[in-house]
Amino acid sequence: MRAHFERGKMPYFDSVRRYLDTENALGTAKLDDTELAATQFLGMISNYVFWPRMLLMNWSPDDASMAHVVDEAVLMMEARYGAANTTN
C-alpha cells in the first residue's frame, strides 16, 4: 500500500498542494492547511472518477461527465478558499 500511495496518489497530491501553497503565498487563496485543501479537492474528484472505476466493472463516465466533476471541484475550492470569498 505504501508503494501504491507513494507512486500513485502522492505525486498528484504533492502537485496540488504545491499549487495551493503558491496561490496562498500570492494572496489569491486563503488557506490555513494546504494538505487538507488538497485532500478535499482530490477527494471530490476521485470519489466520482477513480474509486468507482476501480471497484465497479461497468462504471465508465464519459469525458464530459468527468470534466464536469473537475469543474465543480474547482468551483467549490474557489468558493471556499478564494481570497475574494473570505471574511478574514
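Here are three short exercises on this predicted model, each with a worked solution.

**Exercise 1. Which helix has the lowest mean pLDDT among the elements of the chain, and which has the highest?**

Let's start with the whole chain: its mean pLDDT is 88, and 92% of its residues reach 70 or more. Now go element by element. Helix H3, residues 51–55, sits at the bottom with a mean of 76. Helix H4, residues 63–81, comes out on top with 95.

**Exercise 2. Find the aromatic pair and work out what kind it is.**

There is 1 aromatic pair to look for. Take Tyr48 and Trp59: their ring centres are 5.3 Å apart, and their planes meet at 80°. Planes over 60 degrees apart count as edge-to-face, so that is the label for this pair. Next, place the two residues. Tyr48 is in the loop between H2 (34–46) and H3, while Trp59 is in the loop between H3 and H4, so the pair ties together parts 11 residues apart in sequence. Finally, check how open they are: Tyr48 is partly exposed, at 26% relative accessible area, and Trp59 is partly exposed too, at 29%.

**Exercise 3. Check the span of H4, then say where its buried residues lie around the axis.**

First, the span. H4 has 19 residues, and at 1.5 Å a residue they should span 27 Å. The end C-alpha atoms of H4 are 27 Å apart, which agrees.

Second, list the buried residues of H4: Met66, Val69, Ala73, Met77 and Tyr81. Looking down the axis, you'll see these fall within an arc of 75°, so they line one face of the helix. The general rule helps here: an α-helix has 3.6 residues a turn, so residues three or four places apart point the same way.

Conventions: Residues numbered from 1 in each chain as written. Predicted model: local features only at pLDDT ≥ 70, side-chain atom pairs only at ≥ 80, totals over all residues. Heavy atoms only, no water. pLDDT = per-residue confidence, 0-100. Helix = DSSP H or I, 4+ residues; strand = E, 2+ residues; numbered from the N terminus. Phe/Tyr/Trp six-rings, centres within 6.5 Å; stacked < 30°, edge-to-face > 60°. Buried < 20%, exposed > 50% of the residue type's maximum accessible area, 1.4 Å probe, protein only. Expected span 1.5 Å × (residues − 1). Arc of directions from axis to C-beta.
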